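Some labels given to a structure rest on a value and a cut-off. The questions below ask how such labels are reached, and the answers set the one against the other.

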Amino acid sequence: MAGEEELVRIGEFEGELDEEWRNVRGRKVLDHAGEEVGTVEDAYVWSRVPAIHLLRVSTGEGEDLLIPVDAVTGVSEEGVRVEQGRQKILQGPRYGDDAAPDAEARRAAFEHYGYVDQISLGES
């Protein structure tokens with residue numbers, strides 16, 4: 001499907017990104033209260049836009065989580081702040097693959113956080 005081809009790992013993306021996103025891997029992920037919930041393992045770029053679409057976050061407990069960029073309220077040296085609380089984040093769908101998430105994984109992540117996956121809007 002077109003969505004998977006348009007979503008690439010940040011390390012494989014050759015276009016321009018906003019400065020705040022260039023070195024996002026390895027940054028702490030903080031909930032709305034500033035409590036650390038994990039570390040950004042990877043980011044996936046929607047190459048057609050181009051913009052970060054999803055973050056893969058390690059909580060240190062096995063499989064990683066996917067967090068849609070829509071949930072991010074800020075990126076700084078301190079970390080990536082997410083508008084939800086720790087419990088909501090930790091209950092998110094797991095993702096254990098290094099490849100760009102497929103449509104099902106993307107939709108699950110966006111639905112968990114209450115957002116619409118813009119890539120999926122054009123898919124049937």
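Q: Which residue in β8 stands opposite Asp-64, and what makes β5 and β8 a pair of strands?
A: In this predicted model, Asp-64 stands opposite Tyr-95 in β8. Two strands pair if at least two bridges are found between them, and two bridges join β5 to strand β8, residues 94-95; the two strands therefore count as paired, and they run antiparallel.

Q: How do you know that β4 and β5 are paired as well, and in which sense?
A: Strand β4 (residues 51-58) and β5 share four bridges, against a requirement of at least two, so the two strands are a pair, in the antiparallel sense. Within this pairing Val-57 stands opposite Leu-65 in β5. The two strands form a hairpin with five residues between them, and Gly-60 in the turn has a positive phi of about 80°.

Q: Why is Ser-58 called buried?
A: Buried means under 20% relative accessible area, and Ser-58 has 17% relative accessibility, so Ser-58 counts as buried. Ser-58 is found in strand β4 and, leaving aside residues up to four places away in sequence, touches Val-37, Gly-38, Thr-39, Glu-41 and Asp-64.

Q: What makes the approach of the Ser-58 side chain to the backbone nitrogen of Gly-60 a polar contact?
A: The distance is 3.3 Å, and a polar contact requires a pair of N or O atoms within 3.5 Å; the value falls within that limit, and therefore the pair is counted. Gly-60 is the residue with positive phi in the turn between β4 and β5.

Q: What makes strand β5 mostly covered?
A: Five of the five residues in β5 (residues 64-68) are buried. Asp-64, Leu-66 and Pro-68 point one way from the strand, whereas Leu-65 and Ile-67 point the other way, and the residues of both groups are buried.

Q: Which residues touch the most other members of the largest nonpolar core, and which elements contribute to that core?
A: Ile-52, Leu-55 and Ile-67 touch the most other members of this core of 24 residues. The elements that give two or more residues to it are β3 (36-46), β4, β5, β6 (72-75), β7 (80-82) and α3 (86-90), and the largest share, four residues, comes from β3. Beyond its neighbours within four places in sequence, Ile-67 is in contact with Val-29, Leu-54, Leu-55, Val-57, Val-82, Ile-89 and Tyr-113. A second, separate core of 10 residues includes Tyr-44, Trp-46, Leu-54 and Leu-66.

Q: Why is Asp-117 called buried, and where does Asp-117 lie?
A: Asp-117 has a relative accessible area of 5%, which is under the 20% limit, and Asp-117 is therefore buried. Asp-117 lies in the segment after α4 and, apart from its neighbours within four places in sequence, is in contact with His-53, Arg-106, Arg-107 and Phe-110. Arg-106 and Phe-110 are among the buried residues of helix α4 (residues 103-113).

Q: How do you know that the side chains of Asp-117 and Ser-120 make a polar contact?
A: Their distance is 2.7 Å, and the limit for such a pair of N or O atoms is 3.5 Å, so the pair of side chains qualifies as a polar contact.

Terms used: Residues numbered from 1 in each chain as written. Predicted model: local features only at pLDDT ≥ 70, side-chain atom pairs only at ≥ 80, totals over all residues. Heavy atoms only, no water. Buried < 20%, exposed > 50% of the residue type's maximum accessible area, 1.4 Å probe, protein only. Core = buried A, V, L, I, M, F, W, Y, C linked by side-chain atoms within 4.5 Å. Contact = heavy atoms within 4.5 Å. Polar contact = N/O pair within 3.5 Å; in protein donor to acceptor, adjacent residues only side chain to side chain.
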